[in-house]
Amino acid sequence: MNQELLRVENLKKYFPVTEGLVLQRTVGHVQAVDGISFTIKNGETLGLVGESGCGKTTTSKLILRLEKPTDGNIYLDGEDIQSFRGDSLQEFRTQVQAVFQDPWSSLSPRMKVKDIVSEALVVNRNVSQKEKDDRVEEVLTQVGLHKGQGELYPHEFSGGQRQRVAVASALASYPKLIILDEPVSALDVSIRAQVMNLLVDLQRETGVAFLLVAHNLATVRYMAHHTAVMYLGQIVEYGPTEELYENPLHPYTQALFSAALPAHPDDQRDEIVLTGEVPSPINPPSGCRFHPRCPFAMDRCSVEVPLQLDKGNGHLVTCHLHE
Amino acid sequence: MSNNDVILQVNDLHTYFFNRRGITKAVDGISFSLRQGETLGIVGESGCGKTMTALSLLGLIPKPGARIVSGEIILDGEDLVQKNKQEMREIRGRKISMILQDPQTSLNPVFSIGNQVIEAFSINEHGNRKSMINRAVEALRNVRVAAPESRMKDYPHQMSGGMKQRVIGAISIASSPQVIIADEPTTALDVTIQLQYLRLLKEIQSETGLAIIFITHDFGIVARMCDRVAVMYAGRIVETADVRNLFNKPSHPYTQALMGSVPQMDRTDRLVAIDGQPPALWDLPEGCRFADRCSHVRQRCHQGYPDMLRVEDDHLASCWMLDESWSNTDQEVTE
């Protein structure tokens with residue numbers, strides 16, 4: 001079980017910024033993802049947290065091969081995903097699936113649920129009608145719907161049920177990795193727990209790995225085995241979820257955790273209020289990218305780029321304070 | 001606290017939609033009061049009527065289609081339900097105002113920030129252009145917009161979400177209202193920006209004595225911001241209490257379930273999910289509206305809607321379990 005499934009090495013994605021309508025000149029680059037590395041093991045969940053614009057979604061698109069990286073490599077089961085062509089690419093498409101945030105826009109309104117669910121199978125593998133129907137029935141049951149509901153259209157479902165349909169369709173092609181991009185944030189509070197529990201149960205049953213992209217820290221705490229904190233296209237801290245939440249080391253992680261809302265009115269904590277906002281990724285700050293907002297910034301932080309340090313137990317942090 | 005502090009009193013408010021499906025009871029008999037300087041949280045899921053409650057208070061319910069069927073909204077001694085369109089225009093902004101959820105859509109994209117803040121002031125007062133500009137700069141400074149003079153000429157697209165939400169804050173308190181309704185003002189913001197904004201609202205409140213109605217689905221925001229809470233379900237308030245009482249002793253099964261279904265930063269035990277979904281507002285059951293999802297349900301719950309019953313001082317919940325005769329009720333559970 002505990003084999004490495006996905007390895008991401010020094011991944012970069014720069015989007016060009018252009019000027020002019022006809023003769024477009026490149027005037028700069030948005031450094032959406034700038035040199036990140038991590039691994040995901042079979043049957044494990046990696047949580048990716050960070051504020052909007054930190055590169056979480058670009059990372060998940062790169063892994064889905066919906067974007068081409070500027071530099072760096074992504075290996076699935078030891079094979080470079082950029083090398084896949086033809087049949088091997090189709091196989092890859094069945095191996096890595098995604099569930100998106102908004103179940104109102106991610107399901108085609110013109111397709112029946114059974115066709116949505118089986119699409120990844122039909123497109124990428126040669127399956128008979130019977131195999132298809134059996135698999136649809138199986139996954140619909142797994143996500144807590146009944147097979148008759150395969151004949152319905154998405155508009156006939158509520159939000160939570162739609163997200164179940166989205167999970168079923170990701171699951172249908174026996175994937176090894178599912179990318180969950182904010183899977184519960186569009187759902188109602190009472191429905192969120194249903195879907196989170198479903199995902200945790202499915203992982204236990206099928207051994208699928210998840211890359212969970214979320215901004216809600218408690219959601220990540222609940223579901224993820226490892227957590228990576230991103231800031232401006234870089235991973236500033238990485239570690240086993242338990243360890244990272246108990247003992248956050250990077251000032252950004254600490255600020256992020258302190259900004260999480262309390263569970264009880266008497267739950268007083270020291271709130272670290274960050275000044276300002278995330279700077280533009282077109283022209284990121286020199287040295288440590290967090291230094292303009294960091295309450296502990298030193299002189300060297302604006303000059304020297306900090307290196308990733310191992311603080312034991314697989315807890316990695318990129319900060320001068322911990323050298 | 002004396003009753004004299006009460007500036008807003010809502011009594012048995014009913015706002016219904018009339019359409020092909022029949023009558024949709026979006027707000028179905030809501031009562032609450034709000035004191036000066038107090039923050040009341042209205043918590044509930046989408047479709048429970050919290051936004052329609054806010055729009056009813058502002059006289060902004062969609063017309064035709066929706067109508068306030070009965071009830072009173074007493075603001076500063078006057079019943080807003082009886083006011084006509086023109087009178088409501090006078091009241092909106094000056095006495096009661098609102099901050100909406102999405103900062104991207106609540107500002108006009110073709111006018112500069114300065115223009116829109118000045119517009120908010122010019123409803124109330126007239127002065128020369130220069131003094132209005134100064135007032136607007138001051139208002140932006142009050143909501144901690146950095147370098148407000150240079151920001152005045154910016155357009156909404158040049159600002160981040162957090163900044164825009166601050167500008168909207170400045171606009172809504174421009175004419176010093178007594179009550180402000182904040183409808184999920186931070187859901188579109190990042191956590192670190194959310195914290196900045198919540199702190200700002202608290203600061204403004206302590207400076208001006210503003211009363212805030214905070215509409216949210218997030219118990220974390222309630223714990224951080226509110227003095228009192230009303231939990232809504234399917235168009236009605238099912239529990240109301242002082243914030244500490246509510247967290248210490250949630251008494252309505254819905255409140256309990258909702259709190260149990262929220263993941264916390266410091267624990268990872270399995271979440272208690274609430275099965276099913278809220279009932280459709282055009283086809284409400286006769287009895288308790290939560291009965292179909294409730295784990296304590298008995299025959300009686302389907303027969304009649306429970307009154308607001310006392311849990312402790314300043315803490316009411318509408319659940320038959322609080323009734324003295326509950327333990328004698330037959331135990332039969334209906335499917």
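## A hairpin at the start of chain B

In this predicted model, strand 1 and strand 2 of chain B are joined by a hairpin, with two residues making the link. Strand 1 covers residues 6-19 and strand 2 covers residues 22-35; the two run antiparallel and share 11 bridges. If you would like a pair to look for on screen, try B:His14, which stands opposite B:Asp28 in strand 2 of chain B.

Strand 1 of chain B has another partner as well: strand 4 (residues 66-75) of chain B, to which eight bridges join it in an antiparallel arrangement. Here B:Gln9 is a handy marker, as it stands opposite B:Ile74 in strand 4 of chain B.

## The eight-stranded sheet of chain B

Let us move on to the open sheet of chain B. Eight strands build it in the order 6-7-8-3-9-10-12-11, with mixed pairing. Strand 6 (96-99) and strand 11 (309-312) of chain B are the edge strands, each pairing on one side only. From one strand to the next, the twist averages 20°.

Strand 3 of chain B deserves a closer look. Five bridges connect strand 3 (residues 39-43) with strand 8 (residues 211-216) of chain B, and the two run parallel. Along this pairing, B:Leu40 stands opposite B:Ile213, and B:Gly41 stands opposite B:Phe214. Strand 3 of chain B is also joined by four bridges to strand 9 (residues 228-233) of chain B, again running parallel. On that side, B:Val43 is found opposite B:Val231 of strand 9 of chain B.

## How strand 3 of chain B is enclosed

Is strand 3 of chain B enclosed by the rest of the structure or left open? Five of its five residues are buried, so strand 3 of chain B is largely enclosed by the rest of the structure. The cover extends to both faces: B:Thr39, B:Gly41 and B:Val43 are buried on one side, and B:Leu40 and B:Ile42 are buried on the other.

B:Leu40 and B:Ile42 also turn up in the surroundings of B:Ile213. Leaving aside residues up to four places away in sequence, B:Ile213 touches B:Leu34, B:Leu40, B:Ile42, B:Ala54, B:Val179 and B:Ile181.

## The largest nonpolar core

B:Ile213 has a place in a wider picture too. The largest nonpolar core holds 181 residues, and those touching the most other members are A:Leu211, A:Leu212, B:Val117, B:Val179 and B:Ile213. Helix 6 of chain A makes the largest contribution to this core, with seven residues.

## Where the two chains meet

How many residues of chain A are in contact with chain B? There are 33 of them, in contact with 35 residues of chain B. On the chain A side, the elements giving two or more residues are helix 6 (189-206), helix 7 (217-223) and helix 9 (251-259). Helix 6 of chain A gives the most, namely seven residues. Sorted by class, the chain A side has 17 nonpolar, eight polar and eight charged residues.

Helix 9 of chain A is a good place to follow the packing. Its buried residues are A:Pro251, A:Tyr252, A:Thr253, A:Ala255, A:Leu256 and A:Ala259. They pack against helix 7, strand 9 and strand 10 (234-240) of chain A, together with helix 8 (191-208) of chain B.

## The sheet of chain A and a helix on it

Chain A has an open sheet of eight strands in the order 6-7-8-3-9-10-12-11, with mixed pairing. Its edge strands, each pairing on one side only, are strand 6 (96-99) and strand 11 (308-310) of chain A. Neighbouring strands are turned by 20° against each other on average, direction ignored. Within the sheet, strand 3 (residues 45-49) and strand 9 (residues 226-231) of chain A pair in the parallel sense over four bridges. A:Leu48 stands opposite A:Ala228 in strand 9 of chain A. Helix 5 (residues 159-171) of chain A packs on the sheet and touches strand 6 and strand 7 (177-181) of chain A; its direction makes about 175° with that of strand 6.

## An exposed loop residue

To finish, have a look at A:Glu156, in the loop between helix 4 (129-142) and helix 5 of chain A. Is A:Glu156 buried or exposed? A:Glu156 has 11 C-beta neighbours inside 10 Å, so it counts as exposed, the cut-off being 12 or fewer. The C-alpha atom of A:Glu156 is separated by 9.9 Å from that of A:Pro109, a residue 47 residues apart along the chain.

Terms used
Residues are numbered from 1 along each chain as its sequence is written. Chains are lettered from A and ligands numbered from 1 in the order in which they are written. This is a predicted model: local features need pLDDT of at least 70, side-chain atom pairs count only at pLDDT 80 or more; totals for chains, interfaces and linings use all residues. Two residues are in contact if their C-beta atoms, placed from the backbone, lie within 7 Å. Ala, Val, Leu, Ile, Met, Phe, Trp, Tyr, Cys and Pro count as nonpolar, Asp, Glu, Lys and Arg as charged, and the others, Gly among them, as polar. Two strands pair if DSSP finds at least two bridges between them. Axes are lines fitted to C-alpha atoms, for helices over the stretch in contact, and angles run from 0 to 180 degrees between N-to-C directions. A nonpolar core is a set of buried Ala, Val, Leu, Ile, Met, Phe, Trp, Tyr and Cys residues joined through C-beta atoms within 7 Å. A residue is buried if 20 or more other C-beta atoms lie within 10 Å of its own, exposed if 12 or fewer, and partly exposed in between; C-beta atoms are placed from the backbone.
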